[in-house]
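Here is a short round of questions for anyone who likes to know how a label was earned. Take a look at the model first, and then we can talk it through.

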Amino acid sequence: MAVKSSTSKLDAPQEFTPYTPKEGEEYMNEAQREHFRSILVNWKRELMEEVDRTMHHMKDEAANFPDPTDRASQESEFSLELRTRDRERKLIRKIDQGIARVDRDEYGFCDTCGTEIGIRRLEARPTATLCVDCKSLDEIRERQLGR
């Protein structure tokens, strides 16, 4: 059964077949690392294609409208697209870091406590670097500091 992202390329990876671990299988073995490498590489490719589409769209649609309302509307649309592309650029950087972690056999383990992040969590958010417990504590700290 394939899983498909529902809304935005920023939310989660594209279609993939969930990994089903075999009984007694070691966590983050070669097959699992390859599964996540594939998810990360495909997600990055999709984001890069979206960047290319945006650039072509902005070049094709750029017009010097004489009407100030039309011009403002176009500028607002372009501004929104550029903000989205900036978020995607930051996500691509995180994806590259994830791929590097896979290559170094560090992928799938919490940066804070070193425990397993978990296959399902990584499939939901392949760029995750914290386990659920450490991420929850991190979010509590953020709320307390008001960031």
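Q: Why is Met28 called buried?
A: This is a predicted model, and in it Met28 has a relative accessible area of 4%. Buried means under 20%, so Met28 qualifies with its 4%. You will find Met28 in the segment before α1, the helix of residues 30-61.

Q: What makes the phi of Met28 worth a second look?
A: Met28 has a positive phi of about 55°, although Met28 is not a glycine. Most residues other than glycine have a negative phi.

Q: Where else does a residue other than glycine have a positive phi?
A: Asp105 is one of them, with phi near 60°. Asp105 sits in the loop between α2 and α3 (119-124).

Q: Is Asp105 buried, exposed or partly exposed, and how do you know?
A: Its relative accessible area is 47%. Buried needs a value under 20% and exposed one over 50%, so Asp105, at 47%, is called partly exposed.

Q: Why does Arg101 count as buried?
A: Arg101 has a relative accessible area of 11%. The cut-off for buried is under 20%, so Arg101 belongs in that class. Arg101 is part of helix α2, which covers residues 68-103.

Q: Which residues does Arg101 touch, leaving out those up to four places away in sequence?
A: They are Glu106, Tyr107, Phe109, Asp111 and Thr129. For a contact, heavy atoms must lie within 4.5 Å.

Q: Which residues line the largest pocket?
A: Arg101 is among them, together with Lys94, Gln97, Gly98, Arg121, Arg125, Thr127, Ala128, Thr129, Leu130 and Lys135. The space in this pocket is about 230 Å³. Helix α2 gives the largest share of the lining, four residues.

Q: How is the lining of the largest pocket made up by class?
A: Five residues are charged, four are polar and two are nonpolar. Gly is counted as polar here, which is how Gly98 of the lining is classed.

Q: How do you know where the largest pocket lies relative to domain 1 and domain 2?
A: Domain 1 (27-107) and domain 2 (110-146) both give residues to the lining, so the pocket lies between them.

Q: What does UniProt place at residues 110-134?
A: An unreviewed UniProt entry puts the feature "zinc finger region: dksA C4-type" there. In the model, this stretch is 36% helix and 0% strand, and its end C-alpha atoms are 8 Å apart.

How values were computed. Residues numbered from 1 in each chain as written. Predicted model: local features only at pLDDT ≥ 70, side-chain atom pairs only at ≥ 80, totals over all residues. Heavy atoms only, no water. Helix = DSSP H or I, 4+ residues; strand = E, 2+ residues; numbered from the N terminus. Buried < 20%, exposed > 50% of the residue type's maximum accessible area, 1.4 Å probe, protein only. 1 Å grid on protein atoms, 1.4 Å probe; cavity = no way out; pocket = protein on both sides within 12 Å on 5 of 7 lines; lining within 4 Å. Points joined across faces, edges and corners; volume = space filled by probe spheres on them. Domains from an automatic or database assignment. UniProt positions renumbered as here; feature names shortened; annotations may be inferred.
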